[in-house]
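Student: I'd like to go through this one with you, starting with the metal and then moving on to the salt bridges and the backbone. Could you pull it up?

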Amino acid sequence: MIIRPRRLRKNETIRNMVAETAVNPDSLVYPMFVVEGEGVKEEIPSMPNQYRFSIDEILKELESCVAVGIKSILLFGIPSYKDEIASSAYDDDGVVQRAVRSIKAKFPDLYVITDVCLCEYMSHGHCGIVKDNDVDNDSTLELLAKTALSHAEAGADMVAPSDMMDGRVGAIRAKLDGNGYTNMPIMAYSAKFASAYYGPFRDAADSAPHFGDRKSYQMDVRNGREALREVELDLEEGADIVMVKPGLAFLDVLRGAAEMSNVHVAVYNVSGEYSMVKAAAKMGWIDEDSIIRENLIAFKRAGADIIITYHAKEALEKGLIH
Ligand code: PBG
Ligand code: ZN
(Lines give C-alpha, C1' and ligand atoms only; values in the text may rest on other atoms or scores of the structure.)
(Ligands and ions follow the chains in the order given, each with its own letter.)
Protein backbone atom coordinates (compact mmCIF):
# COMPACT_ATOMS: atom_id res chain seq x y z
CA MET A 1 0.00 0.00 0.00
CA ILE A 2 1.45 3.34 -1.05
CA ILE A 3 -1.45 5.55 -0.10
CA ARG A 4 -2.45 5.48 3.56
CA PRO A 5 -4.88 8.25 4.57
CA ARG A 6 -4.36 7.28 8.21
CA ARG A 7 -0.88 8.90 8.17
CA LEU A 8 -2.53 12.29 8.50
CA ARG A 9 -4.75 11.18 11.39
CA LYS A 10 -1.95 10.07 13.70
CA ASN A 11 -2.33 12.70 16.43
CA GLU A 12 -4.32 15.80 17.21
CA THR A 13 -1.69 18.20 15.93
CA ILE A 14 -1.66 16.76 12.43
CA ARG A 15 -5.45 16.35 12.46
CA ASN A 16 -5.82 20.02 13.33
CA MET A 17 -3.26 20.96 10.68
CA VAL A 18 -5.27 19.36 7.89
CA ALA A 19 -8.73 20.31 9.22
CA GLU A 20 -10.71 21.80 6.33
CA THR A 21 -13.51 23.39 8.33
CA ALA A 22 -13.76 25.70 11.30
CA VAL A 23 -16.86 27.38 12.65
CA ASN A 24 -16.39 31.10 13.09
CA PRO A 25 -17.76 32.06 16.53
CA ASP A 26 -18.63 35.50 15.14
CA SER A 27 -21.04 33.99 12.61
CA LEU A 28 -23.28 32.38 15.20
CA VAL A 29 -26.65 34.08 15.69
CA TYR A 30 -28.62 33.38 18.87
CA PRO A 31 -32.45 33.36 18.54
CA MET A 32 -34.33 34.76 21.55
CA PHE A 33 -37.98 35.24 22.55
CA VAL A 34 -39.25 38.40 24.16
CA VAL A 35 -42.64 38.73 25.91
CA GLU A 36 -44.64 41.52 27.50
CA GLY A 37 -44.46 41.96 31.25
CA GLU A 38 -41.78 42.32 33.87
CA GLY A 39 -39.64 39.82 35.69
CA VAL A 40 -40.59 37.06 33.27
CA LYS A 41 -38.06 34.32 32.57
CA GLU A 42 -40.11 31.33 31.59
CA GLU A 43 -38.47 28.15 30.33
CA ILE A 44 -39.96 26.76 27.12
CA PRO A 45 -41.01 23.19 28.02
CA SER A 46 -40.06 21.63 24.66
CA MET A 47 -36.79 23.61 24.45
CA PRO A 48 -34.75 23.05 27.61
CA ASN A 49 -32.60 26.04 28.57
CA GLN A 50 -34.42 28.40 26.18
CA TYR A 51 -36.71 31.02 27.68
CA ARG A 52 -39.33 33.63 27.07
CA PHE A 53 -37.90 36.82 28.56
CA SER A 54 -39.57 40.08 29.42
CA ILE A 55 -37.52 43.10 28.37
CA ASP A 56 -35.92 43.65 31.80
CA GLU A 57 -34.93 39.99 31.95
CA ILE A 58 -33.56 39.79 28.43
CA LEU A 59 -31.27 42.69 29.28
CA LYS A 60 -29.89 40.66 32.21
CA GLU A 61 -29.54 37.54 30.10
CA LEU A 62 -27.69 39.46 27.40
CA GLU A 63 -24.96 40.41 29.90
CA SER A 64 -23.94 36.77 30.10
CA CYS A 65 -24.44 36.22 26.37
CA VAL A 66 -22.14 39.08 25.49
CA ALA A 67 -19.64 37.88 28.12
CA VAL A 68 -19.26 34.49 26.37
CA GLY A 69 -18.95 36.10 22.95
CA ILE A 70 -22.44 36.28 21.44
CA LYS A 71 -22.23 39.01 18.80
CA SER A 72 -25.70 38.80 17.30
CA ILE A 73 -29.23 37.83 18.25
CA LEU A 74 -32.39 37.09 16.25
CA LEU A 75 -35.38 38.48 18.08
CA PHE A 76 -38.93 37.04 18.13
CA GLY A 77 -41.82 38.78 19.84
CA ILE A 78 -44.76 37.35 21.74
CA PRO A 79 -47.27 40.23 21.90
CA SER A 80 -49.98 41.02 24.43
CA TYR A 81 -52.75 41.12 21.84
CA LYS A 82 -53.52 39.44 18.53
CA ASP A 83 -56.02 40.33 15.83
CA GLU A 84 -56.78 39.62 12.16
CA ILE A 85 -54.46 42.31 10.82
CA ALA A 86 -51.51 41.67 13.17
CA SER A 87 -51.65 45.24 14.53
CA SER A 88 -49.18 44.46 17.31
CA ALA A 89 -46.53 43.48 14.71
CA TYR A 90 -46.09 47.05 13.44
CA ASP A 91 -47.11 48.89 16.59
CA ASP A 92 -44.39 51.39 17.46
CA ASP A 93 -45.02 50.41 21.06
CA GLY A 94 -44.99 46.67 20.31
CA VAL A 95 -42.91 44.22 22.28
CA VAL A 96 -40.19 43.80 19.64
CA GLN A 97 -39.94 47.53 18.97
CA ARG A 98 -39.55 48.34 22.68
CA ALA A 99 -37.14 45.43 23.19
CA VAL A 100 -34.94 46.59 20.31
CA ARG A 101 -34.80 50.12 21.71
CA SER A 102 -33.84 48.90 25.19
CA ILE A 103 -31.31 46.36 23.92
CA LYS A 104 -29.58 48.80 21.56
CA ALA A 105 -29.47 51.44 24.31
CA LYS A 106 -27.69 49.08 26.68
CA PHE A 107 -25.66 47.03 24.15
CA PRO A 108 -24.98 49.30 21.18
CA ASP A 109 -22.47 46.83 19.70
CA LEU A 110 -24.72 43.81 19.87
CA TYR A 111 -26.06 43.16 16.36
CA VAL A 112 -29.84 42.87 16.61
CA ILE A 113 -31.72 41.07 13.84
CA THR A 114 -35.51 40.98 13.98
CA ASP A 115 -37.71 38.24 12.58
CA VAL A 116 -40.35 39.82 10.35
CA CYS A 117 -43.51 37.72 10.27
CA LEU A 118 -47.12 38.07 11.29
CA CYS A 119 -48.03 34.64 12.70
CA GLU A 120 -47.24 35.51 16.32
CA TYR A 121 -49.46 38.60 16.00
CA MET A 122 -52.43 37.12 14.14
CA SER A 123 -55.42 35.73 16.04
CA HIS A 124 -55.47 32.75 13.64
CA GLY A 125 -51.72 32.06 13.72
CA HIS A 126 -51.09 32.30 9.97
CA CYS A 127 -48.24 34.32 8.48
CA GLY A 128 -50.50 36.68 6.52
CA ILE A 129 -53.99 38.05 5.98
CA VAL A 130 -56.57 35.27 5.69
CA LYS A 131 -59.11 35.53 2.89
CA ASP A 132 -61.37 32.65 1.85
CA ASN A 133 -59.56 30.24 4.12
CA ASP A 134 -56.17 30.92 2.56
CA VAL A 135 -53.39 33.43 3.15
CA ASP A 136 -53.71 36.30 0.67
CA ASN A 137 -50.32 37.15 -0.75
CA ASP A 138 -50.51 40.71 -2.00
CA SER A 139 -52.46 42.31 0.85
CA THR A 140 -49.98 40.74 3.28
CA LEU A 141 -46.99 42.46 1.65
CA GLU A 142 -47.91 45.92 2.91
CA LEU A 143 -48.19 44.68 6.52
CA LEU A 144 -44.83 42.93 6.29
CA ALA A 145 -43.22 46.05 4.88
CA LYS A 146 -44.75 48.17 7.66
CA THR A 147 -43.46 45.70 10.25
CA ALA A 148 -39.94 45.77 8.82
CA LEU A 149 -39.98 49.56 8.76
CA SER A 150 -41.11 49.77 12.39
CA HIS A 151 -38.22 47.46 13.37
CA ALA A 152 -35.82 49.68 11.46
CA GLU A 153 -37.21 52.76 13.18
CA ALA A 154 -36.74 51.07 16.56
CA GLY A 155 -33.06 50.61 15.73
CA ALA A 156 -32.75 47.03 14.48
CA ASP A 157 -29.54 46.29 12.58
CA MET A 158 -31.08 43.82 10.12
CA VAL A 159 -34.53 42.49 9.27
CA ALA A 160 -35.29 38.86 8.47
CA PRO A 161 -38.62 38.15 6.74
CA SER A 162 -39.77 34.57 7.47
CA ASP A 163 -43.29 34.60 6.00
CA MET A 164 -42.67 33.09 2.51
CA MET A 165 -45.05 35.43 0.65
CA ASP A 166 -44.08 35.98 -2.99
CA GLY A 167 -42.44 39.36 -3.52
CA ARG A 168 -41.95 40.24 0.12
CA VAL A 169 -38.24 41.01 -0.14
CA GLY A 170 -38.94 43.52 -2.90
CA ALA A 171 -41.81 45.08 -0.95
CA ILE A 172 -39.70 45.43 2.19
CA ARG A 173 -36.72 46.80 0.23
CA ALA A 174 -38.92 49.45 -1.39
CA LYS A 175 -40.47 50.45 1.93
CA LEU A 176 -37.11 50.70 3.69
CA ASP A 177 -35.53 52.65 0.85
CA GLY A 178 -38.53 54.97 0.59
CA ASN A 179 -38.04 55.89 4.24
CA GLY A 180 -34.31 56.45 4.18
CA TYR A 181 -33.19 53.01 5.34
CA THR A 182 -31.21 52.22 2.21
CA ASN A 183 -28.43 50.66 4.29
CA MET A 184 -30.64 48.30 6.29
CA PRO A 185 -29.75 44.72 5.26
CA ILE A 186 -32.37 42.06 4.58
CA MET A 187 -31.72 38.44 5.47
CA ALA A 188 -34.42 36.52 3.64
CA TYR A 189 -35.72 33.17 4.82
CA SER A 190 -35.54 32.17 1.15
CA ALA A 191 -35.76 28.40 1.16
CA LYS A 192 -38.07 27.89 4.09
CA PHE A 193 -39.76 24.52 4.07
CA ALA A 194 -43.14 23.53 5.53
CA SER A 195 -41.42 21.49 8.21
CA ALA A 196 -42.46 19.52 11.27
CA TYR A 197 -39.17 20.64 12.83
CA TYR A 198 -40.80 23.97 13.80
CA GLY A 199 -43.07 22.29 16.37
CA PRO A 200 -41.27 23.39 19.55
CA PHE A 201 -40.91 26.97 18.22
CA ARG A 202 -44.66 27.25 17.77
CA ASP A 203 -45.11 26.35 21.45
CA ALA A 204 -42.46 28.90 22.34
CA ALA A 205 -43.90 31.72 20.25
CA ASP A 206 -47.55 30.70 20.50
CA SER A 207 -47.75 30.88 16.72
CA ALA A 208 -49.27 27.60 15.57
CA PRO A 209 -51.97 28.08 12.89
CA HIS A 210 -55.46 27.55 14.33
CA PHE A 211 -56.68 25.90 11.13
CA GLY A 212 -54.95 24.19 8.23
CA ASP A 213 -51.19 24.34 7.82
CA ARG A 214 -48.54 26.49 6.13
CA LYS A 215 -48.17 24.38 2.99
CA SER A 216 -49.72 26.99 0.69
CA TYR A 217 -46.84 29.37 1.40
CA GLN A 218 -43.89 27.46 2.87
CA MET A 219 -42.06 25.11 0.51
CA ASP A 220 -42.79 21.46 -0.14
CA VAL A 221 -40.03 19.42 1.52
CA ARG A 222 -39.67 17.34 -1.64
CA ASN A 223 -38.42 20.22 -3.78
CA GLY A 224 -34.72 21.01 -3.87
CA ARG A 225 -34.54 22.71 -7.25
CA GLU A 226 -37.52 24.92 -6.49
CA ALA A 227 -35.68 25.99 -3.31
CA LEU A 228 -32.87 27.36 -5.46
CA ARG A 229 -35.40 29.24 -7.53
CA GLU A 230 -36.68 30.87 -4.33
CA VAL A 231 -33.10 31.85 -3.50
CA GLU A 232 -32.67 33.33 -6.96
CA LEU A 233 -35.88 35.36 -6.70
CA ASP A 234 -34.95 36.80 -3.32
CA LEU A 235 -31.57 37.83 -4.69
CA GLU A 236 -33.25 39.56 -7.62
CA GLU A 237 -35.50 41.42 -5.17
CA GLY A 238 -32.49 42.65 -3.21
CA ALA A 239 -31.86 40.15 -0.41
CA ASP A 240 -28.44 40.68 1.15
CA ILE A 241 -28.31 37.26 2.78
CA VAL A 242 -30.36 34.20 1.84
CA MET A 243 -31.30 31.51 4.31
CA VAL A 244 -32.04 27.81 4.19
CA LYS A 245 -34.32 26.46 6.89
CA PRO A 246 -34.38 23.93 8.55
CA GLY A 247 -30.73 22.88 8.43
CA LEU A 248 -29.89 19.26 9.05
CA ALA A 249 -32.50 17.69 6.79
CA PHE A 250 -31.74 20.23 4.03
CA LEU A 251 -27.95 20.26 3.77
CA ASP A 252 -28.23 19.52 0.06
CA VAL A 253 -30.22 22.73 -0.42
CA LEU A 254 -27.72 24.63 1.71
CA ARG A 255 -24.87 23.38 -0.47
CA GLY A 256 -26.85 24.25 -3.59
CA ALA A 257 -27.53 27.80 -2.39
CA ALA A 258 -23.88 28.30 -1.44
CA GLU A 259 -22.69 27.12 -4.84
CA MET A 260 -25.28 29.03 -6.80
CA SER A 261 -23.91 32.51 -6.35
CA ASN A 262 -21.47 34.63 -4.41
CA VAL A 263 -24.08 35.73 -1.95
CA HIS A 264 -23.84 35.11 1.80
CA VAL A 265 -25.81 32.11 2.97
CA ALA A 266 -27.32 31.53 6.38
CA VAL A 267 -28.75 28.34 7.81
CA TYR A 268 -31.33 28.07 10.59
CA ASN A 269 -30.72 25.17 12.97
CA VAL A 270 -34.36 25.15 14.06
CA SER A 271 -36.21 24.35 17.27
CA GLY A 272 -37.01 20.70 16.49
CA GLU A 273 -33.37 19.99 15.69
CA TYR A 274 -32.38 21.55 19.01
CA SER A 275 -35.06 19.69 20.99
CA MET A 276 -34.09 16.31 19.54
CA VAL A 277 -30.49 16.80 20.67
CA LYS A 278 -31.62 17.91 24.13
CA ALA A 279 -34.05 15.02 24.52
CA ALA A 280 -31.57 12.34 23.44
CA ALA A 281 -28.90 13.89 25.68
CA LYS A 282 -31.26 13.86 28.63
CA MET A 283 -31.88 10.17 28.06
CA GLY A 284 -28.14 9.61 28.08
CA TRP A 285 -28.24 8.26 24.54
CA ILE A 286 -25.78 10.64 22.90
CA ASP A 287 -22.75 12.73 23.81
CA GLU A 288 -24.42 16.12 23.62
CA ASP A 289 -21.36 18.34 23.25
CA SER A 290 -19.90 16.23 20.44
CA ILE A 291 -23.25 16.14 18.65
CA ILE A 292 -23.62 19.93 18.83
CA ARG A 293 -20.09 20.41 17.48
CA GLU A 294 -20.67 17.90 14.70
CA ASN A 295 -23.95 19.55 13.66
CA LEU A 296 -22.42 23.03 13.56
CA ILE A 297 -19.50 21.74 11.50
CA ALA A 298 -21.94 20.05 9.12
CA PHE A 299 -23.56 23.43 8.36
CA LYS A 300 -20.19 25.02 7.77
CA ARG A 301 -18.97 22.15 5.58
CA ALA A 302 -22.15 22.35 3.51
CA GLY A 303 -21.48 26.03 2.82
CA ALA A 304 -23.13 28.15 5.53
CA ASP A 305 -21.55 31.51 6.30
CA ILE A 306 -23.95 32.28 9.12
CA ILE A 307 -25.45 29.75 11.56
CA ILE A 308 -28.57 30.66 13.49
CA THR A 309 -28.75 28.27 16.41
CA TYR A 310 -30.24 27.88 19.90
CA HIS A 311 -26.94 26.16 20.77
CA ALA A 312 -24.97 29.39 20.22
CA LYS A 313 -24.55 30.38 23.85
CA GLU A 314 -23.61 26.93 25.15
CA ALA A 315 -21.30 26.33 22.18
CA LEU A 316 -19.36 29.48 23.02
CA GLU A 317 -19.53 28.92 26.78
CA LYS A 318 -18.14 25.41 26.52
CA GLY A 319 -15.71 26.18 23.71
CA LEU A 320 -17.28 23.50 21.49
CA ILE A 321 -16.13 25.10 18.27
CA HIS A 322 -12.54 25.83 19.12
C1 PBG B 1 -42.34 32.45 11.87
C2 PBG B 1 -41.16 31.60 12.14
C3 PBG B 1 -41.12 30.23 12.44
C4 PBG B 1 -39.78 29.92 12.69
C5 PBG B 1 -39.06 31.09 12.50
N6 PBG B 1 -39.92 32.11 12.16
C7 PBG B 1 -42.20 29.25 12.59
C8 PBG B 1 -43.05 28.88 11.46
O9 PBG B 1 -42.83 29.24 10.30
O10 PBG B 1 -44.03 28.20 11.75
C11 PBG B 1 -39.25 28.58 13.09
C12 PBG B 1 -38.04 28.61 13.95
C13 PBG B 1 -37.74 27.34 14.68
O14 PBG B 1 -38.41 26.30 14.54
O15 PBG B 1 -36.77 27.37 15.43
N16 PBG B 1 -42.85 32.34 10.58
ZN1 ZN C 1 -44.91 33.31 10.36
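Student: Which residues are the protein donors of the zinc ion (ligand 2)?

Tutor: Bearing in mind that this is a predicted model, the protein donors of the zinc ion (ligand 2) are the SG atoms of Cys-117, Cys-119 and Cys-127, which lie 2.2 to 2.3 Å from it. In sequence these donor residues follow the spacing C-x1-C-x7-C.

Student: And what arrangement do the four donor atoms make around that zinc ion?

Tutor: The arrangement is tetrahedral, because the angles that the four donor atoms subtend around the zinc ion (ligand 2) run from 98 to 121 degrees.

Student: Where do Cys-117 and Cys-127 sit?

Tutor: Both Cys-117 and Cys-127 lie in the loop between β5 (111-116) and β6 (130-131), so the pair ties together parts that are 10 residues apart in sequence.

Student: Is Cys-127 buried or exposed?

Tutor: Cys-127 counts as buried, at 0% relative accessibility, and Cys-117 is likewise buried, with a value of 2%.

Student: OK, salt bridges next. How many does a search of the whole structure find?

Tutor: The search finds 22 salt bridges. One of them is formed by Asp-26 and Lys-71, whose closest N and O atoms are 3.1 Å apart.

Student: Which parts does that Asp-26 and Lys-71 pair tie together?

Tutor: Asp-26 is in the loop between α1 and β1 (28-35), while Lys-71 is in the loop between α2 (55-68) and β4 (72-78), so the bridge ties together parts that are 45 residues apart in sequence. Asp-26 is partly exposed at 47% relative accessibility, and Lys-71 is also partly exposed, with a relative accessible area of 42%.

Student: What about Glu-63, which side chain does it meet in a salt bridge?

Tutor: Glu-63 meets the side chain of Lys-106, with an N to O distance of 2.9 Å. Here Glu-63 belongs to helix α2 and Lys-106 to helix α3 (residues 95-106), so the pair ties together parts that are 43 residues apart in sequence. Glu-63 is partly exposed at 42% relative accessibility, as is Lys-106, whose relative accessible area is 40%.

Student: And Asp-289, what is its salt bridge with Lys-318 like in terms of N to O distance?

Tutor: The side chains of Asp-289 and Lys-318 meet at 2.8 Å, N to O. Since Asp-289 lies in helix α10 (residues 288-302) and Lys-318 in the segment after α11 (312-317), the pair ties together parts that are 29 residues apart in sequence.

Student: Which residues are joined with them into one network?

Tutor: Through salt bridges that share partners, Lys-278, Glu-288, Asp-289, Glu-314 and Lys-318 are joined into one network. Within that network, Asp-289 is partly exposed with a relative accessible area of 28%, and Lys-318 is partly exposed with 43%.

Student: Switching to the backbone: which residues does the cis peptide bond join?

Tutor: A cis peptide bond joins Lys-245 and Pro-246, with omega at about -5 degrees. Pro-246 is found in the loop between β10 (241-245) and α8 (251-260).

Student: What is phi of Ala-86 near?

Tutor: Phi of Ala-86 is near 50 degrees, a positive value in a residue other than glycine, and phi of Asp-132 is also near 50 degrees. As general background, most residues other than glycine have a negative phi, and most peptide bonds are trans.

Student: Where are those two, and is Asp-132 buried or exposed?

Tutor: Ala-86 is in the loop between β4 and α3, where it counts as buried at 0% relative accessibility. Asp-132, in the loop between β6 and β7 (134-135), counts as exposed at 79% relative accessibility.

Student: Last topic, the N-terminal end. Which residues form a nonpolar patch on the surface?

Tutor: Leu-8, Met-17 and Val-18 form that patch, with about 300 Å² of accessible area together. Leu-8 is in the segment before α1 (12-17) and is partly exposed, with a relative accessible area of 47%.

Student: And what is Arg-15 in contact with, leaving aside its neighbours within four places in sequence?

Tutor: Arg-15, which lies in helix α1, is in contact with Leu-8, Arg-9 and Lys-10 once those neighbours are left aside. Arg-15 counts as partly exposed at 41% relative accessibility, and its C-alpha atom is separated by 48 Å from that of His-126, 111 residues apart along the chain.

Conventions: Residues numbered from 1 in each chain as written. Chains lettered and ligands numbered in written order. Predicted model: local features only at pLDDT ≥ 70, side-chain atom pairs only at ≥ 80, totals over all residues. Heavy atoms only, no water. Patch = residues over 30% accessible without salt bridge, like charges linked within 9 Å, V, L, I, M, F, W, Y side chains within 5 Å. Areas by Shrake-Rupley, 256 points an atom, 1.4 Å probe, with all protein chains shown as cover. Salt bridge = Lys/Arg side-chain N within 4 Å of Asp/Glu carboxyl O. Helix = DSSP H or I, 4+ residues; strand = E, 2+ residues; numbered from the N terminus. Buried < 20%, exposed > 50% of the residue type's maximum accessible area, 1.4 Å probe, protein only. Contact = heavy atoms within 4.5 Å. Donors = N, O, S within 2.8 Å, 3.2 Å for Na, K, Ca; no water. Tetrahedral: all angles 85-135°; square planar, octahedral: opposite > 155°, others 65-115°.
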